[in-house]
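Take a look at the protein and its ligand below. Then read on for a short tour of the site and the domains around it.

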Amino acid sequence: MASLVNCFVALSIISLLALPSNAQLSATFYANTCPNLQTIVRNAMSQAVNGESRIGASILRLFFHDCFVNGCDASILLDDTASFTGEKNAAPNRNSARGFQVIDTIKTRVEAACNGTVSCADILALAARDGVVLLGGPSWTVPLGRRDARTASQSAANSQIPSPASSLSTLISMFSAKGLNARDMTALSGGHTIGQARCTTFRARIYNDTNIDRNFATNRRANCPASGGDANLAPLDIQTPIRFDNNYYGNLVAQRGLLHSDQELFNGGSQDALVRTYSSNNAAFSNDFAAAMVRMGNISPLTGRNGEIRRNCRMVN
Ligand code: HEM
């Protein structure tokens with residue numbers, strides 16, 4: 001009997017050790033446990049984008065800001081409370097990150113279909129892809145199996161998300177710190193083919209930079225005064241702001257990048273040739289963007305027994 005118990009204990013330990021604690025993500029992770037997941041996310045995103053096209057952009061950015069801060073673990077979705085400081089009020093997110101209600105809606109529908117099964121981090125990864133597709137951009141298969149963080153880091157959000165004042169070398173090194181190379185960085189910056197930025201993020205560029213088209217600067221100044229109007233919006237892509245295409249790169253070649261950091265990609269440096277290629281070859285951009293999104297989505301996920309499947313994306317269980 002004693003040896004039987006010993007044997008049972010040994011087998012239990014072996015099976016515990018065998019459980020993946022840092023498994024690879026997999027496209028079929030929820031194939032059996034939540035077969036309708038992708039349809040639920042797509043339908044909700046379609047409704048949201050039909051209601052407001054900018055939502056596709058806002059959710060793409062949420063995913064970027066999630067992944068760059070301790071990995072794609074839905075940490076950005078946690079609300080601040082009296083006893084918890086999350087990432088929503090970090091400088092890059094405060095009065096800026098948006099789309100949280102859409103993630104709530106999707107989570108509610110996913111919970112109704114597959115209770116306690118799908119992480120908020122995976123929902124955000126799928127929603128970001130769908131937003132891009134719904135605005136006319138490329139599609140890609142999203143590896144799944146991320147789990148949700150029980151913590152967040154406001155200080156990491158402040159220090160690890162690049163600022164719009166960044167130089168090219170800073171952009172390259174901040175992406176490199178996340179395992180993404182300069183080509184990934186330049187392709188991912190093409191996310192700025194959709195969405196809006198606030199005056200406060202591009203004021204210094206339109207008043208101080210010299211590598212800027214004069215008419216473009218004049219037009220942008222009309223709605224972004226030298227002081228005041230911080231929250232006034234301008235499209236990141238002046239040509240097709242609600243279409244996911246390669247016009248962002250054409251803008252850069254014409255010195256019409258809205259952010260200082262955008263124009264850094266085409267300012268006589270190492271990324272000029274790639275920016276020109278993307279500006280004239282939408283397929284090259286689409287392929288590189290999709291591949292780089294998968295790589296960004298692979299940044300330090302929590303898997304296996306780490307983290308949790310949050311019931312409500314705004315709070316830990
Ligand atoms: C390369 C470094 C990057 C910098 C410095 C940067 C900076 C910014 C800034 C300052 C804004 C405007 C925010 C506001 O005014 O509220 C913005 C918006 C946006 N960013 Fe980035 N970003 C970068 C990379 C990315 C990446 C990698 C993606 C996605 C792949 C992305 C997607 C977006 C989108 C879609 C918006 C518009 C959001 C909306 O309309 O709600 N950005 N970014």
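## The ligand and its surroundings

The helix α3 supplies 6 residues to the shell around the ligand, the largest share. This is a predicted model. Helix α3 spans 54-67, and it has a partner in β1 (196-198): each gives at least two residues to the shell.

Which residues come nearest to the ligand? There are 26 residues around the ligand, and Ser-58, Ser-96, Gly-191, Gly-195 and Arg-198 come nearest. The shell is a mix of residue kinds: 11 are nonpolar, 11 are polar and 4 are charged.

Now step back to the domains. The domain assignment of the protein gives domain 1 (22-161) and domain 2 (168-293). Their centres, taken over C-alpha atoms, are separated by 23 Å. Across the boundary, 16 residues of domain 1 are in contact with 14 residues of domain 2. On the side of domain 1 that touches domain 2, α3 again provides the largest share, with 7 residues. That side of domain 1 divides into 8 nonpolar, 6 polar and 2 charged residues.

The table sets out the two groups of residues.

| Group | Nonpolar | Polar | Charged |
|---|---|---|---|
| Shell around the ligand | 11 residues | 11 residues | 4 residues |
| Side of domain 1 that touches domain 2 | 8 residues | 6 residues | 2 residues |

Why does the ligand shell lie between domain 1 and domain 2? Domain 1 (22-161) and domain 2 (168-293) both give residues to the shell, so it lies between them.

Notes:
Residues are numbered from 1 along each chain as its sequence is written. This is a predicted model: local features need pLDDT of at least 70, side-chain atom pairs count only at pLDDT 80 or more; totals for chains, interfaces and linings use all residues. A residue is near a molecule or strand if its C-beta atom, placed from the backbone, lies within 6 Å of it. Helices (H or I, at least four residues) and strands (E, at least two) are DSSP runs, numbered from the N terminus. Ala, Val, Leu, Ile, Met, Phe, Trp, Tyr, Cys and Pro count as nonpolar, Asp, Glu, Lys and Arg as charged, and the others, Gly among them, as polar. Domain bounds come from an automatic or database domain assignment. Two residues are in contact if their C-beta atoms, placed from the backbone, lie within 7 Å.
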